[in-house]
Amino acid sequence: MLLADFRSDTVTRPTAAMREAMVRAEVGDDVYGDDPTVNALQERLARDLGFEAGLFVPSGTQSNLIALMAHCQRGDEYIVGSEAHTFKYEAGGAAVLGSIQPQPIPQAADGTLPLDLVRTAVKPDDVHFARSRVLCLENTWHGQPLPLGHAEQARALCDARGLMLHLDGARLFNAAIAQGKSAREIAAPFHSVSVCLSKGLGAPVGSVLLGSSSLIEQAKRLRKLLGGGWRQAGLLAAAGLHALDHHVQRLADDHRRARELGAELAAVPGLKVEPEHTNLLYVHVPAERLDALRAALAQAGILASVGSSPRIRLVTHLDIDDAAVSGCVAAFRAAAQ
Ligand SMILES: *Cc1c(COP(=O)(O)O)cnc(C)c1O
C-alpha cells in the first residue's frame, strides 16, 4: 500500500474541497475568452503579482516557452543558468520551437547568476552574434529562495543592456512564504513571471504566465500555436483559484516537515543532509546502502527517487503528513541497520 510519495510536489491529488470547487465552476470557451473562471484566475494572479495581465496554460514548460517566444525573435538568444529548468529540463523547446539560442551561464551554489559573467555574455550588436534579448532566473532554485536583492541587481543590468527579465517562478510562493515576503515583492523586478499551480499549491494542472497586456496578447497567439488553446478550462482554473485561496499559507507546513525530516535524517549514521530552505530536501546516502534503502522504502510503501546517485531529493507537499515523515525516517533508519 502506498503510504507516501516523496518524489515531487507534482504528485499531489486534488482535495475533496478542490474537487467540489471544480464541479461548481462556471465555464465557457476559453479560446473565445469566454470562460469566466479562467478569466478570474488570470485577473486574480495578475493583480496579486502586480502585472497587467495573465494567461492560464497547461504546464510550466509551456509557460516558460511562450514567454521566451514572446520576448524573442528567431535568432535572438536568452541568457540562463546552466542548471536552470528552462535550459536543461524543458526538452530544448526554446531552441527547437522558438529558434532562440540559449547562452548558459554557470550558476552559483545559491542559484544566482554571477552578474559579471552575465554582463560579458551579453553580445554587442554585430552581425556575428545572436541578439541577446532575455535574461532568465529561477525561484526557488532547487528549493532555495533566490537571495533577496539578486533579481533587482539583475534587472538593473537588463535595463542598462536592453534585455527583458523573465522569472521561472514555478515555486515562487514557496520563496515568498520562506522569506516572509509577498509574492508581489518577489515578482516585482521581472518583465514576465511564470508560476505553477500544480506543484506545492496542489492543483491538478496548470501554470499562469504574467506580464504586460501586449506580452500576454502575443502569448495567447503562441499558446494556440503550441496547441495549448483549450476550451472549458474553467474546471481546471477553479482548482487553481481554490489553491490560491487555501494552499498558499500552508506551504509553511511543507517547509516545517522538510526541516523536521532533515533533522531526523541527519541523526541517522552515515547520512549527510544538505541545509534545506523550503520543501526540497537533499540527502546523501552511502552508495553501498542504496539497495537496502530502496528495499526499506518499498517495504514501508514509500515512493522516493532513489536511483544510482547517492544524492537523493525528498519533497514535502500537500499529501505528506507527519505520519509520512515518520515512516520515511523509519525506512532510512532500517536501511542503516
Ligand atoms: C516543474 C517546473 C517547471 C515546469 O514544469 P511542468 O512540469 O512543465 O509544469 C518549470 N520550472 C521549474 C523550476 C519547475 O520545477
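# Exercises on the ligand site of a predicted model

By class, five polar, five charged and one nonpolar residue make up the shell around the ligand. The model examined here is predicted.

**Exercise 1.** Determine which residues surround the ligand and which helix gives the most to the shell.

*Solution.* Begin with the residues in sequence order: Ser 59, Gly 60, Thr 61 and Asn 64 surround the ligand, together with His 85, Glu 90, Glu 138, Asp 168, Ala 170, Arg 171 and Lys 199. Next, assign these residues to helices. Helix α3, which spans residues 60-71, gives the most to the shell, with three residues.

**Exercise 2.** Identify polar contacts of the ligand with Gly 60, Arg 171 and Lys 199, and state how much of the ligand the protein buries.

*Solution.* The cut-off for a polar contact is a pair of N or O atoms within 3.5 Å. Take the backbone first: an N or O atom of the main chain of Gly 60 is 2.8 Å from a ligand oxygen atom. Then turn to the side chains. For Arg 171, a polar side-chain atom is placed 3.1 Å from an oxygen atom of the ligand. For Lys 199, the distance between a side-chain N or O atom and a ligand oxygen atom is 2.7 Å. Finally, consider the area: the ligand taken alone exposes 380 Å², of which the protein buries 80%.

**Exercise 3.** Characterise the pocket that holds the ligand by its volume and its lining.

*Solution.* First, locate the ligand: the space it takes is the largest pocket. This pocket contains about 580 Å³ of space. Second, examine the lining, which comprises 27 residues; those nearest the pocket centre are His 85, Tyr 89, His 142, Arg 171 and Arg 313. Third, sort the lining by class: 13 residues are polar, eight charged and six nonpolar. Fourth, trace the lining to its elements. At least two residues come from each of α3, β10 (280-284) and β12 (311-315), and α3 gives the most, with three.

**Exercise 4.** Describe the backbone geometry at the Asn 139–Thr 140 bond and at Ser 99, and place Thr 140 and Ser 99 in their loops.

*Solution.* Start from the general expectation: most peptide bonds are trans, and most residues other than glycine have a negative phi. The peptide bond between Asn 139 and Thr 140 is cis, with omega about 0 degrees. Thr 140 belongs to the loop between β5 (131-138) and α7 (150-161). Ser 99, although not a glycine, has a positive phi of about 50 degrees. The loop containing Ser 99 runs between α5 (93-98) and β4 (101-105).

Terms used
Residues are numbered from 1 along each chain as its sequence is written. This is a predicted model: local features need pLDDT of at least 70, side-chain atom pairs count only at pLDDT 80 or more; totals for chains, interfaces and linings use all residues. Side-chain values use heavy atoms; hydrogens and water are left out. A residue is near a molecule or strand if one of its heavy atoms lies within 4 Å of it. A polar contact is a pair of N or O atoms within 3.5 Å; within protein, one must be able to donate a hydrogen and the other to accept it, and residues adjacent in sequence count only if both atoms are side-chain atoms. Accessible areas come from the Shrake-Rupley method with a 1.4 Å probe; for residues, only the protein chains shown count as cover. On a 1 Å grid over the protein atoms alone, a cavity is a set of points where a 1.4 Å probe fits but cannot get out, and a pocket is an open set with protein on both sides within 12 Å along at least five of seven lines; lining residues have an atom within 4 Å of a point. A molecule sits in a cavity or pocket if more than half of its atoms lie within 2 Å of its grid points. Helices (H or I, at least four residues) and strands (E, at least two) are DSSP runs, numbered from the N terminus. Ala, Val, Leu, Ile, Met, Phe, Trp, Tyr, Cys and Pro count as nonpolar, Asp, Glu, Lys and Arg as charged, and the others, Gly among them, as polar. Grid points are joined across faces, edges and corners, and a volume is the space filled by probe spheres set on the points.
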